[in-house]
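Here is a short briefing to read alongside the structure. Keep the viewer open and follow the topics one by one.

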Amino acid sequence: MSAGAPPLHDDTRALPAAPEVVQIEVGLVQNFCEILFCPDTREAAIVDPAFEVDRLLHEAARRDLKVKLALITHTHHDHIDGVEELCQKTGAAVVVNPREAAAVSAPGRTLIDAVDGQDVAIGRRGLRALVTPGHTVGGTCYLADGYVVTGDVMFVGGCGRTDFPGGDTAQMWNSLQRLARLPEETRVYPGHDYGETPTSTIAHEVRTNRFLRCATFEDFRALREQKRR
Ligand SMILES: [Zn+2]
């Protein structure tokens, strides 16, 4: 895309009011989970429950929250291994892209399709699914008014690998370009604590993230395919 071209998607069109967000680092590979909640109804969603489910539920309970949803960014084990336990303990429904839903083990639980542009309500607040493949076939970011949960698509200072099954370097480039067009003050909540700070902003990533600073897809591919992370 050339500088100054109009955005391909108006991803921020009429976004619902944003849930409040609590970021929690869990497990042994620096995973981040988020608890997203409506301060009025106390309904909550937990992003990518995989490790330390009891701790996540404790963090929700001490804020007087009722966990209604598990929001899945993608179905690598370090993002979904706790879904079944979370659903059994809370009755939560699971929001996941249909292209990856078969990988989620949540017997008897409701699956809600995270298709592109789909709004997901959390009490009186909500967010929007942005399907952003490249790390996986149905990788999904969740955009709220003011922040975006980016899973393993965008990290602080990095991006997800594209050499796992279902990965695609060209799709990853397109997905990162799409995220880069979000409002610059949008706060980035990544799926792992791999950066210098736990969160960032789109503006900071566009300026400093070496994967976003690539001028061309060929530059990006060369960089992505030589780096493991
Ligand atoms: Zn992953």
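Let's begin with a pair of helices: the axes of helix 4 (residues 169–180) and helix 6 (residues 217–226) come within 10 Å and cross at roughly 115 degrees. Helix 4 is therefore roughly perpendicular to helix 6. Please bear in mind that this is a predicted model.

**Helix 4 against helix 6**

- The crossing of these two helices, helix 4 and helix 6, is right-handed.
- On the helix 4 side, the contact involves Thr169, Ala170, Met172, Trp173 and Leu176. Their counterparts in helix 6 are Phe217, Phe220, Arg221, Arg224 and Glu225.
- Sorted by character, the residues of this contact between helix 4 and helix 6 are six nonpolar, one polar and three charged.

**The six-stranded sheet**

- Six strands make up an open sheet in the order 1-2-3-4-5-6, and their pairing is mixed.
- Strand 1 (20–26) and strand 6 (111–113) each have a single partner strand and stand at the edges, so one side of each lacks a neighbour in the sheet.
- On average, neighbouring strands of this sheet are turned by 25 degrees against each other, direction ignored.
- Within the sheet, strand 2 (residues 31–37) pairs with strand 3 (residues 43–47) in the antiparallel sense, over three bridges.
- Leu36 is a handy place to look, as Ala45 in strand 3 stands opposite this residue.

**Helices on the sheet**

- Which strands does helix 1 (residues 53–61) touch as it packs on the sheet? The contacts are with strand 1, strand 2, strand 3 and strand 4 (66–71).
- The direction of helix 1 makes about 150 degrees with that of strand 1.
- Helix 3 (residues 83–90) lies across strand 3, strand 4 and strand 5 (93–96), and runs at about 155 degrees to strand 4.
- These two helices also meet: the axes of helix 1 and helix 3 come within 10 Å, crossing at roughly 40 degrees. At that angle, helix 1 is oblique to helix 3.
- The crossing of helix 1 and helix 3 is right-handed.
- Helix 1 contributes Val53, Asp54 and Leu57 to the contact, while helix 3 contributes Glu85, Leu86, Lys89 and Thr90.
- The contact of helix 1 with helix 3 divides into three nonpolar, one polar and three charged residues.

**The hairpin of strands 7 and 8**

- Strand 7 (residues 119–122) and strand 8 (residues 125–131) pair in the antiparallel sense over four bridges.
- The two strands, 7 and 8, form a hairpin with two residues between them. In the turn, Gly123 has a positive phi of about 60 degrees.
- Strand 7 shows two faces: Val120 and Ile122 are on the covered one, and Asp119 and Ala121 are on the uncovered one.
- Asp119 has a residue of strand 8 standing opposite, namely Arg128.

**Loop residues worth a look**

- Most residues other than glycine have a negative phi. Two loop residues here depart from that pattern.
- Glu52, in the loop between strand 3 and helix 1, is a residue other than glycine with a positive phi, near 55 degrees. Its relative accessibility is 37%, so Glu52 counts as partly exposed.
- Asp64 sits in the loop between helix 1 and strand 4. Its phi is near 60 degrees, again a positive value in a residue other than glycine.
- Is Asp64 buried or exposed? With 57% relative accessibility, Asp64 counts as exposed.
- Gly108 belongs to the loop between strand 5 and strand 6. This glycine, Gly108, is exposed because its relative accessible area is 80%, over the 50% cut-off.
- Along the chain, Gly108 and Thr150 are 42 residues apart, and their C-alpha atoms are separated by 28 Å.
- Thr186 is found in the loop between helix 4 and strand 13 (187–190). Thr186 counts as buried, since its relative accessibility is 3%, under the 20% cut-off.
- What is Thr186 in contact with, leaving aside its neighbours within four places in sequence? The partners of Thr186 are Leu143, Gly146, Tyr147, Val148, Ser200, Thr201 and Ile202.

Definitions and conventions. Residues numbered from 1 in each chain as written. Predicted model: local features only at pLDDT ≥ 70, side-chain atom pairs only at ≥ 80, totals over all residues. Heavy atoms only, no water. Pairing = 2+ DSSP bridges. Axes fitted to C-alpha atoms, helices over the stretch in contact; angles between N-to-C directions. Contact = heavy atoms within 4.5 Å. Buried < 20%, exposed > 50% of the residue type's maximum accessible area, 1.4 Å probe, protein only. Parallel < 35°, antiparallel > 145°, perpendicular 65-115°, else oblique. Left-handed = near helix turned anticlockwise from the far one by under 90°. Nonpolar A, V, L, I, M, F, W, Y, C, P; charged D, E, K, R; others polar.
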